[in-house]
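Subject: Handover of a protein structure

Dear colleague,

Please find below the structure that I am passing on to you. My findings follow it, and I would be grateful if you read them with the structure open.

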Amino acid sequence: MLVYSTPVVCAADAFWVEPSSLVVKRHRLSVDPVVRLVHFSDIHFKGDRSFLKKVVQRINSLSPDLVCFTGDIVEDAALLPEALDLLSDVEVPLYGVPGNHEHWCGASFSTISECFRATGGDWLSDRSTASAGGRCWIEGLGSEASRFQDNPPESEGSPQKRILLSHYPAAAKGITDRTYDLILAGHSHGGQVRFPFIGPLIVPYGVEGYDAGLYSTPAGPLHVSVGIGTFFLPVRFLCRPELAVIEI
């Protein structure tokens, strides 16, 4: 009887339990960190206000210096105002870059930028800025074809930490002329469905082996978020939606 019931239990977990079971993971990358941030990605908001509200409340409870988002707020531009209304409740500077779905659905970058700037952050589509009282410099790649930006200005008060935001994890492989204290990406969803000893069932293009968690790359440590929402099927198995608290 147990053998026959196991697939049913797994399916119930994948469709009704895990997709809304938010988990917080923590990474300390420096002995004496100067910046504490929350990284999240791939909301794919479809109208579930209660879940996104829970995500924002959990972010605020973690008391970061700043929050970094690595793309895919919505799949349908009509839902963007509602998603941004909820994201506007983030209580610290929120920085972000677009994902493929912002481009595909024609989401208004100016509207997103207005929301992110209202938190004290910014929408960094091929742009860069200082943050956390000048303690870090954040660069954002606006698309898969974006080129890396110039170095931050050199001065007596130069930022101590350098962060790159990219929707695509594979972008880390294209960095050959500089290093970062932290590279953040999303896009993979961790595969949404993962199996022990195997990993993700399937991942999209632009991942190239960086499907979930923390990686060491020649350009610096890369953290790939498994995301918040789902795409195509509303399913997650051994791949709960996550917020990552990262200290550098």
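With which residue does Arg162 form a salt bridge, and how far apart are the closest N and O atoms? The partner is Glu139, and the closest N and O atoms of the two are 2.6 Å apart. Please note that this is a predicted model, and that the distances in this message are computed from it.

Arg162 belongs to strand β8 and Glu139 to strand β7, so this salt bridge ties together parts of the chain that are 23 residues apart in sequence. Both partners are charged residues in the interior: Arg162 has a relative accessible area of 12% and is therefore buried, the limit being under 20%. Glu139 is buried as well, with a relative accessible area of 0%.

**The chain as a whole**

The protein chain has 248 residues, of which 52% are buried. Its secondary structure consists of five helices and 14 strands. If one takes the contacts between residues at least 6 apart in sequence, 71% of them join residues at least 24 apart. The accessible surface comes to about 11,400 Å², and carbon and sulfur atoms account for 56% of this surface.

**Other salt bridges**

In total, the structure holds 13 salt bridges. One of them joins Glu247 and Arg28, with 3.4 Å between the closest N and O atoms. Because Glu247 lies in strand β14 and Arg28 in strand β1 (residues 23-28), the pair ties together parts that are 219 residues apart in sequence. Arg28 counts as exposed, at 51% relative accessibility. Together with Arg36, the residues Arg28 and Glu247 are linked in a network of salt bridges.

A further salt bridge is formed by Asp65 and Arg135, whose closest N and O atoms are 3.6 Å apart. This pair also links distant parts of the chain, 70 residues apart: Asp65 is in the loop between α2 and β3, while Arg135 is in the loop between β6 (127-131) and β7 (136-140). Asp65 is partly exposed, with a relative accessible area of 32%, and Arg135 is partly exposed, with 27%.

**The nonpolar cores**

The largest nonpolar core comprises 31 residues. Those with the most contacts inside this core are Phe40, Val55, Ile73, Leu87, Phe116 and Leu243. Two or more residues each are contributed by the strands β2 (36-40), β3 (66-69) and β14 (242-247) and by the helices α2 (49-61), α3 (80-87) and α5 (109-118). Another core, of 17 residues, lies apart from the largest one; Cys68, Cys136, Ile138 and Leu182 are among its members.

Phe116 shows how the largest core is put together. Leaving aside residues up to four places away in sequence, Phe116 touches Phe69, Ile73, Leu84, Leu87, Leu94, Tyr95, Gly96, Gly121, Asp122 and Trp123.

**His167 and Gly99**

His167 is found in the loop between β8 (161-165) and β9 (182-185). Is His167 buried or exposed? At 1% relative accessibility, His167 counts as buried. The side chain of His167 reaches the backbone oxygen of Thr70 at 2.7 Å, and a polar contact of 2.9 Å joins this side chain to that of Asn100. Beyond residues up to four places away in sequence, the residues that His167 touches include Asp42, Asp72, Pro98, Gly99 and His187.

Gly99 lies in the loop between β4 (94-96) and α4 (100-105) and is likewise buried, at 1% relative accessibility. With residues up to four places away in sequence left out, Gly99 touches Gly71, Asp72 and His167. The C-alpha atoms of Gly99 and Val74 are separated by 9.4 Å, the two residues being 25 apart along the chain.

**A nonpolar patch on the surface**

Finally, I draw your attention to the surface, where Phe195, Phe197, Ile198, Leu201 and Ile202 form a nonpolar patch. Together, these residues have about 660 Å² of accessible area. Phe195 has its place in strand β10 (residues 194-195). At 34% relative accessibility, Phe195 counts as partly exposed.

With kind regards

Terms used
Residues are numbered from 1 along each chain as its sequence is written. This is a predicted model: local features need pLDDT of at least 70, side-chain atom pairs count only at pLDDT 80 or more; totals for chains, interfaces and linings use all residues. Side-chain values use heavy atoms; hydrogens and water are left out. A nonpolar core is a set of buried Ala, Val, Leu, Ile, Met, Phe, Trp, Tyr and Cys residues joined through side-chain atoms within 4.5 Å. Buried means under 20% relative accessible area, exposed over 50%, partly exposed in between (1.4 Å probe, protein chains only). Helices (H or I, at least four residues) and strands (E, at least two) are DSSP runs, numbered from the N terminus. Contact means heavy atoms within 4.5 Å. Patches are made of residues with over 30% relative accessible area and no salt bridge: like charges are joined within 9 Å, nonpolar side chains (Val, Leu, Ile, Met, Phe, Trp, Tyr) within 5 Å. Accessible areas come from the Shrake-Rupley method with a 1.4 Å probe; for residues, only the protein chains shown count as cover. A salt bridge is a side-chain nitrogen of Lys or Arg within 4 Å of a carboxyl oxygen of Asp or Glu. A polar contact is a pair of N or O atoms within 3.5 Å; within protein, one must be able to donate a hydrogen and the other to accept it, and residues adjacent in sequence count only if both atoms are side-chain atoms.
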